[in-house]
Amino acid sequence: MPVLPKARPLDRELARRALELVEAGTTEMAESVLRVPLDYYNDPARFAREQSLLATTPLALAPSCRLPSPHDYLVRDVLGTSVVMSRDGDGKVRAFLNYCRHRGARPADGCGNTRRFTCPYHAWTYDSAGRLVGMPGAEGFAEVDRGDYGLVQLPCEERHGMVWVVLTAGAPIDISAHLGPLDDELAQWDFGSYEYLTEREFESDVNWKAALEAFAESYHFPYVHGNSLIGQNTIANTAVFDPFGKHYRLGFACPWIVNARGKPDPGPPLDSMALIYWIFPNLVLAVSAVGAELIDLLPAGSPTRCTVRHGWMAREPSTDDATRAGYQALYEAVHAAVRDEDFAMLPTCGDAIRHAQHDHMLIGRNEIAVQHVVRTFADALGFALP
Ligand code: FES
Ligand SMILES: [Fe+2]
């Protein structure tokens, strides 16, 4: 990894930097273009290594506001594994493999609030802390200690308003260490106080890392989002970029940032910017003054298929129907842009990964965050870039 400048704090300097770029008609840039071999996207051996990486790296599987109360739970299918997250009676969030210890059926389904997960096959019952608390016909299992047959627990930690899980039982978990310099930055947002609104999931025929790239630059905005609120509320190809170890923060200026021209104080960043975080390896958080989008990208069984989960949470809890309707309308607009604009384009890139005969993709100096993503994965997966 090249030595990158230390990230600057989330203060008004960010808007000043963005305004300077707007005035100069430029963006923060990498030192040179980056040539990315196509096998970064499509090599089966690398794809297998990615699966191992994803199985041993903490993934933010849900925002805390998805599980606000004791006994709230949520099932997610993650890389083909069924995981149930549950807030136990003491308020601690735990994650389990959602496979019954009898013969493997799925005790939990969907989401909701329950003190008991009852397996649909023979009605073994687990509590919200994953303990086996009931089995019909218990005399058939008389010599078995129920304490040994709770749901298999996965490493799980709640931090900065996210539920982080490692998909490998018994693996270590240390979210502060995982976040490194981003730990303090995320703490500033207090995402734990946000209100969950909704989410949708779909699949797309594109490599999951190529899909991440679409959230790492605003170069494509006029062409892909020219007619939607993303294109209209941002100045294209103009971004402030700060690496935070593996992760990054990217700031896009809004057109009204020019109102701060000549003023001694450009104001807080969210008054005139949208901020995007990439949390290695698979989560994009797009933060605006109103709320945050969660864009979670994972491979779906092949190098050119991915799962997209797009959720939204509000900074201020909605106190009335009109506010909630406003949040929903905003979500619908950004979701339409992601689904019908980004993910209308991206499968064509997936097709190129399957069929193109050029040997590399070319990432511009202006696509500095895309370069960061590629270099970070190369580093994490142990291969050299040319
Ligand atoms: S498989 Fe769950 S009770 Fe039998
Ligand atoms: Fe986009």
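This report walks through the domains, two of the sheets and a few backbone oddities of one chain.

**Confidence and domains**

Keep in mind that this is a predicted model. The mean pLDDT of the chain is 95, with 97% of its residues at 70 or more. The start of the chain is another matter: residues 1-9 have a pLDDT below 50, and beyond near neighbours in sequence this stretch makes 10 contacts in the model.

The domain assignment splits the chain into domain 1, made of 13-57 + 179-381, and domain 2, covering 59-172. So to speak of where they sit: the centres of domain 1 and domain 2, taken over C-alpha atoms, are 31 Å apart. Where they touch, 18 residues of domain 1 are in contact with 15 residues of domain 2. On the domain 1 side, the elements that supply two or more residues are helix 3 (44-56), helix 5 (182-187), strand 13 (195-204) and strand 18 (291-302). Helix 3 gives the most to that side, with three residues. By character, the domain 1 residues that touch domain 2 come to 12 nonpolar, four polar and two charged.

**The five-stranded sheet**

One open sheet has five strands in the order 6-3-4-5-10, paired antiparallel. Strand 6 (111-113) and strand 10 (153-154) are its edges, each pairing on one side only. As a reminder, strands of a sheet pair through backbone hydrogen bonds, either parallel or antiparallel.

Strand 4 is a good place to look first. Five of the seven residues of strand 4 (residues 81-87) are buried, so the strand is largely enclosed by the rest of the structure. On one side, strand 4 is joined to strand 3 (residues 72-78) by six bridges, running antiparallel. Here Val75 stands opposite Val84 of strand 4. On to strand 5 (residues 93-97), which pairs with strand 4 in the antiparallel sense over five bridges. Two of the matches there can be named: Val83 has Leu97 of strand 5 as its bridge partner, and Met85 stands opposite Ala95 of strand 5.

Both of these pairings are hairpins, and each has a residue with a positive phi. The hairpin of strand 3 and strand 4 has two residues between the strands, and Leu79 takes a positive phi near 55°. In the hairpin of strand 4 and strand 5, five residues lie between the strands, and Gly91 has a positive phi near 90°.

**The three-stranded sheet**

Another open sheet has three strands in the order 2-12-11, again with antiparallel pairing. Its edge strands are strand 2 (59-63) and strand 11 (156-159), each pairing on one side only. On average, and ignoring direction, neighbouring strands of this sheet are turned by 30° against each other. Strand 2 and strand 12 (residues 162-165) run antiparallel and are joined by four bridges. One match to check in the viewer is Leu59, whose bridge partner in strand 12 is Val165.

Here are the three strand pairs discussed above.

| Strand pair | Sense | Bridges |
|---|---|---|
| Strand 3 and strand 4 | antiparallel | six bridges |
| Strand 4 and strand 5 | antiparallel | five bridges |
| Strand 2 and strand 12 | antiparallel | four bridges |

**Backbone oddities**

Most residues other than glycine have a negative phi, and most peptide bonds are trans. Several spots in this chain go the other way.

Take His71, in the loop between strand 2 and strand 3. Its phi is near 75°, a positive value in a residue other than glycine. With 18 other C-beta atoms within 10 Å, His71 is partly exposed, because being buried takes 20 or more.

His160 is also worth a look, in the loop between strand 11 and strand 12. The phi of His160 is near 55°, again positive in a residue other than glycine. Is His160 buried or exposed? His160 has 23 other C-beta atoms within 10 Å, so this histidine counts as buried.

Finally, there is a cis peptide bond: the one from Phe280 to Pro281, with omega near 5°. Pro281 sits in the loop between strand 16 (273-279) and strand 17 (283-287).

How values were computed. Residues numbered from 1 in each chain as written. Chains lettered and ligands numbered in written order. Predicted model: local features only at pLDDT ≥ 70, side-chain atom pairs only at ≥ 80, totals over all residues. Buried ≥ 20, exposed ≤ 12 C-beta atoms within 10 Å, placed from the backbone. Pairing = 2+ DSSP bridges. Axes fitted to C-alpha atoms, helices over the stretch in contact; angles between N-to-C directions. pLDDT = per-residue confidence, 0-100. Contact = placed C-beta atoms within 7 Å. Domains from an automatic or database assignment. Nonpolar A, V, L, I, M, F, W, Y, C, P; charged D, E, K, R; others polar.
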